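Reader: I am new to this structure. Please take a close look at one part for me: the place where two of its chains meet.

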Protein chains: 4
Amino acid sequence: MGRRDLKQVLNPEKGPSTPSPARSRNTGILLIDCPDAKGIVLAVADFLYRHQANIVHADQHQDIDTRTFFMRVEWELDGFQLPVEEFTEKFSPIAGRFGMRWHLRFSATKLRMAIFASALTHCLSDLLHRQETSELRCDIPLLISNHKAGERLAQFHNIPFHFIPVSPDTKSKAEAQQLELLEQHKIDLIVLARYMQILSPQFVSKFPQGIINVHHSFLPAFSGAKPYHQAYKRGVKIIGATSHYVTDVLDDGPIIEQDVLRVSHRDQPDDLPRKGRDLEKIVLARAVRWHLEHRILVYGNKTVIFD
Amino acid sequence: MGRRDLKQVLNPEKGPSTPSPARSRNTGILLIDCPDAKGIVLAVADFLYRHQANIVHADQHQDIDTRTFFMRVEWELDGFQLPVEEFTEKFSPIAGRFGMRWHLRFSATKLRMAIFASALTHCLSDLLHRQETSELRCDIPLLISNHKAGERLAQFHNIPFHFIPVSPDTKSKAEAQQLELLEQHKIDLIVLARYMQILSPQFVSKFPQGIINVHHSFLPAFSGAKPYHQAYKRGVKIIGATSHYVTDVLDDGPIIEQDVLRVSHRDQPDDLPRKGRDLEKIVLARAVRWHLEHRILVYGNKTVIFD
Amino acid sequence: MGRRDLKQVLNPEKGPSTPSPARSRNTGILLIDCPDAKGIVLAVADFLYRHQANIVHADQHQDIDTRTFFMRVEWELDGFQLPVEEFTEKFSPIAGRFGMRWHLRFSATKLRMAIFASALTHCLSDLLHRQETSELRCDIPLLISNHKAGERLAQFHNIPFHFIPVSPDTKSKAEAQQLELLEQHKIDLIVLARYMQILSPQFVSKFPQGIINVHHSFLPAFSGAKPYHQAYKRGVKIIGATSHYVTDVLDDGPIIEQDVLRVSHRDQPDDLPRKGRDLEKIVLARAVRWHLEHRILVYGNKTVIFD
Amino acid sequence: MGRRDLKQVLNPEKGPSTPSPARSRNTGILLIDCPDAKGIVLAVADFLYRHQANIVHADQHQDIDTRTFFMRVEWELDGFQLPVEEFTEKFSPIAGRFGMRWHLRFSATKLRMAIFASALTHCLSDLLHRQETSELRCDIPLLISNHKAGERLAQFHNIPFHFIPVSPDTKSKAEAQQLELLEQHKIDLIVLARYMQILSPQFVSKFPQGIINVHHSFLPAFSGAKPYHQAYKRGVKIIGATSHYVTDVLDDGPIIEQDVLRVSHRDQPDDLPRKGRDLEKIVLARAVRWHLEHRILVYGNKTVIFD
């Protein structure tokens, strides 16, 4: 659990200023994964019950291959009898007994999200509208782009716009500049909204499971450059888009969401990108929402989505 | 819990003769629904843990509208320390405390399924092949049809075929004949595989949540007769099929599964039924499988599917 | 063929100021429907060939039920040897021989589109972004809304915003005001972007096949008010959205496009509208694009989409 | 045009014995592809009109990349004034003028199809049922399998079953045996219904665009062995199946059809093949139907489907 999360919960005056009407109640969210064993659900249920938790959502999963147990449980903090600052101390014995990796999150604590964009603005425009209408609950303190295309959109949404051009020569300097901005703004999540630049391993390593990208194909098909062009050449009858966490290996990170659309011989090369844009917007927005609502658990190169 | 279920578990020599390789372990399945309250998961988890249950699958759901809690939990009977014949006695206090409706099922106990068919055999042929290859785990002691079309198929699968023609005049007599056969063969589930006859309320009342029908539209659109014809006339761009439990009101029972396909102006009246047959087969087979694996809970006119 | 269309083609200085890079060539588009007969394709092909038309797209359809023939043919005006102002005179004999309804359109002539919006802005924002990025080729001279919600968006896109509140008492006055604006701006197409008000038959009659609405269900299921609420209550496993031309009968006009998404018992009442918004945006945008590109032929209550 | 086709048309006593009610009329089908040029449609339309053809379906396509023109036109032979045996002579000048590749087919002439199967019988059973109910119009003179699994199914459908085991040592001998059977039965089309053996280039070269395979992934993802296993390991959220013509390169032939289904972390390794079987059946059956109805044109490594 990050220190900032805790502080925001404890200091309500620093809390979110625009609560979503649909999700106004403040909840705690516990994410767990550990080796599968008897008694895990019992131990967690017992712990929450003893402190009077009113559970609003619970889901668990067992991966048979790796004998791993996953759990997400969400409960109302209103009426919860355990002060959150004592949670770690009190929960640690249970976590220790089962060898749990665990995270405590609070629905009232908005994550801080940076968007990286480029010349194409459809994903950017879509994300900003979703955030403005509270479908995505987060703060967006900055937009970084290597094109000017998104500047007016950023202004419209009152989001500081940082134009950082990237060329092979300036890439490391650009990344240094980006990293400084991200640190300065205490960014939790980077969303690559058709950013089209490959981030260095050094950059990626600073945000494990903290960078979400959208690739315009149904991965693993057509990874790399020009996926629509590749799809057209191969004569596929379905195109897709994939949102995933960024790792060192290009287009190989844990897949969060995919969606597809039919195409036919009637679709000319220009039609594929046009059709695909709708997919890109949707699979990226879903991934971002699940991340912001703490619904994703990553294990190995795969994801559990507690939707 | 039905008496037959218990007997089959206790008398292994009457158990299933052809265990599916993939699901060969014998599990207990507990289905619960009750008013939502704190401590339900804890109580069930504690009960199972105390008797050394090795849980292989657990899922729960809270319906916010009606404040109802639903749960399905499945555990290995091998190693379970509570003799199944004592389950009811031991679990009743918990059930009573929370006002639970509950059912205990065993994966080793195959349900006994009757298929009702008519002139079109695509769903029939599909179901029989799935049962033969153990995708559907059940016994099919009889096939009832008002057409001869399915007779050879029944013979091929060694299933007794009962030809019972139905006309407005003979309907009540036909139903009496059907009911006698169903009782004689101790049928748990009736599947209407494009049967095309409306069952009387008296008939339906004898099998609450025990009759699954497939309707060839995405209900509630195009209920009643000739749904593909209705869809063609309305000029829809998508057709569908729906599997549901049969109730007194035509095409109005709890929906189990739906699926759809695109159509266009290019599809002539004949094309819709042809395309739709693939949907009918799939949505019916999914519904039957979920029912046989005890994955469906009905509340009001809706279903929870623990897939 | 509208007079304005012809003028714009003949007076290039009044033509479109921002040609789409992908569709920059100027084409003629001929839309035909007539009773099916031998020789129609031959007559049209011969006519175009004689005037040196370079055909870039041709499609035809025969409706078997009504024995009607439909055709859309698009050719490059560059090199076409028939001056467009003589087209009607020269083509009329062919049209007369086969009893054709026909329209000549020009890709360079942008339609003039008005958007009607209300409190929800997702479709509005989506359409404006598509227009700005030339995915939708049209002029949008005005936005009419009974809520202030879209005002800033309109300003951002430099589109005059007209706030016209509507109540049962003021409805006829409001419609008069709207009609005056529409006439003044020579509007060809009205798009109801989740407008949520029912237009009067008098209003509708002034724009035959000139008003496109999006309804948030897969029609004909759940027509009328609160379709997501209806869908939730019915327990469907799939939700949808439908774009259609507006006629006198509510939600009954010719369907242009539909799309659907899976839902499950896990989706609470709030989740359906959220998921559905993505459908609404897509089915409305597709319908608008097809209309703007003259790809839709209406016959009876159905559409042929030459995509 | 094959000699056998012509003979069957000219000698009605050798024609199909079980006409489909929906498609009973005898039609001619002309498939054309050639470099794009002005006047092609005109020339074909004129030719057919002069001989009094009553066209029931016509579709054309222009591939912009390769500037290729494709056409499929279908007309009633009843009333057609050109004896089919004179077709080639009369049509050759037109074909020569435009450099056409062309084929004339007759709907009354059933193709002769061989099915190759193996241990899994779901596609086999599905195809045989579709053929028996006239959804697939073809003759099936033989079934070849390297497993006994399909033998009873073949007997049920009165189709001679040939058990030809294949091992690395016996492969070339097995292929020789297969080829002899195929020649003896004058086979037009081979359908690999989950055959699971790789055919040699020599074998494949004898049936250009005459072998249809189904691969259990959305190609080009997960080509080669164990695609469901690969999909599970990669953690994709969508699985698919692909039907394609077989070429020398494994899983690389022209794609005919693809379809997909959602999966999630809840799907265990066993669930993917089970779900996928429904896809495999559908994409294979669609491909076979389109081939039998002469709706497919192959160009390069891609297909045009005139559906």
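Author: What follows is a look at the contact between chain D and chain A.

This is a predicted model, where local features need pLDDT of at least 70, side-chain atom pairs count only at pLDDT 80 or more, and totals for chains, interfaces and linings use all residues. Residues are numbered from 1 along each chain as its sequence is written, and chains are lettered from A and ligands numbered from 1 in the order in which they are written.

Start with the contact. Chain D gives 26 residues, and chain A gives 26 residues. Two residues are in contact if their C-beta atoms, placed from the backbone, lie within 7 Å. On the chain D side, strand E11 (255–262) and strand E13 (302–305) each supply at least two residues. Strands (E, at least two residues) are DSSP runs, numbered from the N terminus. That side of chain D holds 12 nonpolar, eight polar and six charged residues. Here Ala, Val, Leu, Ile, Met, Phe, Trp, Tyr, Cys and Pro count as nonpolar; Asp, Glu, Lys and Arg count as charged; the others, Gly among them, are polar.

Now the symmetry. A turn of 180° and a shift of 0.0 Å along the axis lay chain D on chain A with an RMSD of 0.0 Å. This is the relation of a two-fold axis. The copies are superposed by least squares on the C-alpha atoms of residues with pLDDT of at least 70 in both. Both copies use the same surface: 100% of the contact residues of chain D recur in chain A. Of the residues of chain D, Ala221(D) comes closest to the rotation axis, with its C-alpha at 2.3 Å.

How values were computed: Helices (H or I, at least four residues) and strands (E, at least two) are DSSP runs, numbered from the N terminus.
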